[in-house]
Amino acid sequence: QVCNQHNAEVANLEQVFHRMAQTEPNLDHDVSWFLLPSYWAKMVVALISFLCFANSYDGDFVFDDSEAIINNKDLRAETPLGDLWHHDFWGSKLSSNTSHKSYRPLTVLTFRINYLFAGGFYPVGFHVINIILHCTISVLMVDVFSILLGGLQFSNKGRRLNLAPKTSLIAALLFAVHPVHTECVAGIVGRADLLCALFFLLSFLGYCKAFRENKEGRNFSIFWVLVSVILGAIAMLCKEQGITVLGLNAVFDALVINKLNVLELFQKLLHKDKSLENAGLLRKGLLFRITLLMSGGATILYIRWRIMGTGPPAFTEVDNPASFADSLFVRAINYNYYYSLNAWLLLCPWWLCFDWSMGCIPLIKSVSDWRIIALAALWFCLIGLICQALCSEDSHKRRILTLGLGFLIIPFLPASNLFFRVGFVIAERVIYLPSIGYCILFTYGFSLLSKQAKKKKILTVAVLGILVINVMRCALRSSQWRSEEQLFRSALSVCPLNAKVHYNVGKNLADKGNQSAAIKYYREAVRLNPKYVHAMNNLGNILKERNELHEAEELLSLAVQIQPDFAAAWMNLGIVQNSLRRFEEAEQSYWTAIKHRKKYPDCYYNLGRLYADLNRHIDALNAWRNATVLKPEHSLAWNNMIILLDNTGNLAQAEAVGREALELIPNDHSLMFSLANVLGKSQKYKESEALFLKAIKANPNAASYHGNLAVLYHRWGNLDLAKKHYEVSLKLDPMAPGTKENYSLLRRKLEQLQKKGG
């Protein structure tokens with residue numbers, strides 16, 4: 001029965017093709033491909049898109065995920081939900097001068113839901129949602145491509161007809177397996193692009209529903225036009241590109257619903273022809289619908305502008321060097337070169353990189369640069385396609401080419417640098433939506449070749465080969481996105497001149513404790529970009545830890561000279577100067593750091609250490625108190641306060657500080673240990689013993705914990721327990737200071753007691 005039903009549906013599809021072939025050219029007519037019912041086609045697309053990215057499901061948080069997710073307080077339950085509407089994508093206030101102004105509250109909301117359901121920062125749930133979103137979008141693309149390639153027609157019952165099932169399946173498969181999508185799917189931060197694309201497509205499909213009762217374009221549903229505008233607004237709240245769907249809806253309306261000939265319309269306007277109504281502008285309600293779309297778009301943009309604040313985001317030269325070029329010619333020529341590289345990534349997505357900034361693509365500064373050829377090739381192709389889209393006598397060709405170019409160009413406009421400066425050179429994630437246009441043009445080209453070719457099966461095998469290669473490339477690239485080490489190292493061969501790539505490889509190695517290898521990559525990052533202050537700061541830190549203090553000081557001094565408000569570098573410079581016993585300079589460096597970053601608990605902590613070394617005890621306590629006010633869980637600052645008060649004989653105050661600290665950080669074993677020492681000296685043996693035992697339970701291999709508990713028992717008169725813990729302490733650390741002497745005293749005392757007892 002299932003087979004008969006399947007055959008009946010295929011037969012119906014073939015009848016539709018026959019009818020269409022009699023009315024207008026049909027792309028599927030000459031294409032040798034699999035003819036599947038709609039639900040089977042969608043299942044195939046879903047399965048293949050899942051296979052492409054399935055191996056990224058258990059990847060780590062990588063690259064920008066740390067800032068957008070792990071360090072983003074907007075994901076935590078204690079942050080009010082209302083804050084999401086006043087913060088940017090990274091959790092900073094939109095009113096802040098340092099904000100990137102990327103306003104994506106709905107994307108952040110999905111991260112927050114992920115975090116709450118998972119009970120913490122477990123990346124699996126985040127990755128699974130991304131994979132599901134891409135599969136859903138790919139399935140929707142079957143419907144979208146059937147409209148874009150086959151036109152919009154409904155049955156008498158109001159059901160939309162798929163007039164291009166073969167070519168829409170090819171285009172949807174091309175979209176599903178395109179390797180350039182890996183960053184959006186395998187990188188969790190790509191959720192913004194996926195959600196934006198989902199609501200972008202729903203907005204487009206909603207707009208198409210407005211014409212379900214349409215008879216030659218005369219009737220339409222205002223409700224569905226408004227729904228489309230609302231869905232476009234939701235898409236923009238996921239990522240800024242979403243607003244461009246309203247422009248594409250207008251283009252679709254003009255070309256498909258109203259069947260406008262753009263060139264003919266332009267000529268009529270030029271000659272002030274009074275027959276514009278015959279062109280369908282007024283008769284079919286196009287102007288009214290475009291007015292609705294434009295009004296909705298303008299309202300959304302105005303609200304977005306009011307929320308964003310006064311000025312655009314502030315980016316640096318390393319983020320987008322071309323935009324900082326003095327010459328308009330240099331800016332224009334490099335922007336166009338970037339467009340050609342984006343086009344190349346769509347055509348040949350083999351060289352993929354997580355970051356294309358910082359010297360990855362050197363600026364073109366003269367017309368003698370051979371890379372000008374890429375610009376010429378891009379514009380030669382674009383102009384050729386535009387001419388065909390405008391001037392072709394074949395209305396079917398005009399429609400498909402214009403829609404293909406529209407979907408290729410319009411969603412890319414926010415990333416083009418034409419309206420405002422963007423914070424990147426090339427970003428693979430921003431061509432997720434423009435790849436729809438590429439898939440339309442590729443599929444149309446395939447259908448034209450099939451029409452001319454005698455051996456159609458060779459073309460079919462070639463397309464299948466491209467799909468298989470792309471699936472393999474997706475799987476390989478997804479595996480590279482599973483960990484930062486693989487991701488960063490994969491970029492070395494693609495962008496060897498990118499200082500940021502070397503910096504990230506070095507940072508990853510340093511985090512794993514491989515300082516020697518990290519130094520090599522940090523030095524290369526500084527060589528490639530002599531003004532890379534973050535690389536200088538990290539390299540200076542490692543050299544400081546290796547006691548290479550003079551070189552560390554040189555690097556950190558240069559970093560703050562290049563960027564005077566770099567608070568972290570000022571603090572690290574202060575630490576180095578403190579180690580070199582240049583205390584006045586160190587104090588000045590710490591205060592400069594605090595001047596540039598008011599809330600800097602770690603700097604107050606280090607300032608406190610400096611004052612303690614100088615025996616300025618009150619200043620030290622004040623500095624550490626400031627650190628704990630700014631960061632109540634700053635365990636080291638609490639500990640140092642307790643120890644300093646203990647060492648200076650202020651036992652009551654030390655006890656009060658210790659109890660306050662443990663209320664805030666109840667499971668910190670180092671605080672338990674410090675307070676236990678104070679209580680032991682105050683002869684509160686029972687309470688001291690309980691804290692020592694609790695600290696030992698949390699950290700059983702700390703020799704000092706056992707040693708100090710043994711001292712407590714020794715004072716208390718519990719000599720057997722004292723002997724036991726002295727022995728454990730010496731076993732863990734045979735060179736533990738004071739423990740050997742105390743153990744010897746205890747043994748002599750035990751021997752004396754045995755002699756007396758004997």
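**View 1. Helix 22 has the length expected of a helix of 14 residues.** Helix 22 covers residues 549-562. At 1.5 Å a residue, its 14 residues should span 20 Å. In this predicted model, the end C-alpha atoms are 20 Å apart, which agrees.

**View 2. Helix 22 has a buried side and an exposed face.** L549, A552, E553, L555, L556, A559 and V560 of helix 22 are buried. They cover an arc of only 165° around the axis, so they sit on the same side of helix 22. What lies over these buried residues? The cover includes helix 21 (533-545) and helix 23 (567-579). Turn to the face pointing away from the buried side of helix 22: H550, E554 and Q561 are exposed there.

**View 3. UniProt places TPR repeats at several stretches of the chain.** The unreviewed UniProt entry gives the feature "repeat: TPR" at residues 499-532, 533-566, 601-634 and 703-736. Residues 533-566 are 79% helix and 0% strand. The end C-alpha atoms of residues 533-566 are 8 Å apart. Residues 601-634 are also 79% helix and 0% strand. Here too, the end C-alpha atoms lie 8 Å apart.

**View 4. H714 is a buried residue of helix 31.** Helix 31 covers residues 703-716, and H714 lies in it. Is H714 buried or exposed? Its relative accessibility is 19%, and under 20% counts as buried, so H714 is buried. Which residues does H714 touch? Leaving out residues up to four places away in sequence, H714 touches L719, A722, Y726, N742 and L746.

**View 5. F204 belongs to the largest nonpolar core.** This core holds 212 residues. Which members touch the most other members? They are F145, L148, F204, F252 and I436. Look at F204. Not counting residues up to four places away in sequence, F204 touches V144, I147, L148, V245, N249, F252 and F407. A second, separate core has 13 residues, among them F89, Y115, F126 and V189.

**View 6. S168 is buried in helix 6.** Helix 6 covers residues 165-176, with S168 among them. S168 has a relative accessible area of 0%, so it is buried. Residues up to four places away in sequence aside, S168 touches V142, F145, S146, L149 and N162.

**View 7. One disulfide joins C360 to C495.** The count of disulfides comes to one. The sulfur atoms of C360 and C495 are 1.8 Å apart. The angle about the S-S bond is -40°, and the link is left-handed. The pair connects distant parts of the chain, 135 residues apart. C360 is in the loop between helix 13 (328-347) and helix 14 (372-391). C495 is in the loop between helix 18 (484-494) and helix 19 (499-511). C360 is buried, at 12% relative accessible area. C495 is buried as well, at 1%.

**View 8. C135 and C196 are cysteines without a disulfide.** Why does C135 form no bond with C52? C52 holds the cysteine sulfur closest to that of C135, but the distance is 8.9 Å, too far for a bond. C135 is buried, with a relative accessible area of 13%. C196 is in no disulfide either. The nearest cysteine sulfur to C196 is that of C238, 6.8 Å away. C196 has a relative accessible area of 0% and is buried.

Key:
Residues are numbered from 1 along each chain as its sequence is written. This is a predicted model: local features need pLDDT of at least 70, side-chain atom pairs count only at pLDDT 80 or more; totals for chains, interfaces and linings use all residues. Side-chain values use heavy atoms; hydrogens and water are left out. A nonpolar core is a set of buried Ala, Val, Leu, Ile, Met, Phe, Trp, Tyr and Cys residues joined through side-chain atoms within 4.5 Å. Buried means under 20% relative accessible area, exposed over 50%, partly exposed in between (1.4 Å probe, protein chains only). Contact means heavy atoms within 4.5 Å. UniProt positions are given in the numbering used here, feature names are shortened, and annotations may be inferred rather than shown by experiment. Helices (H or I, at least four residues) and strands (E, at least two) are DSSP runs, numbered from the N terminus. The expected span of a helix is 1.5 Å times one less than its number of residues. The arc is that of the directions from the helix axis to the C-beta atoms. A disulfide is a pair of cysteine sulfur atoms within 2.5 Å.
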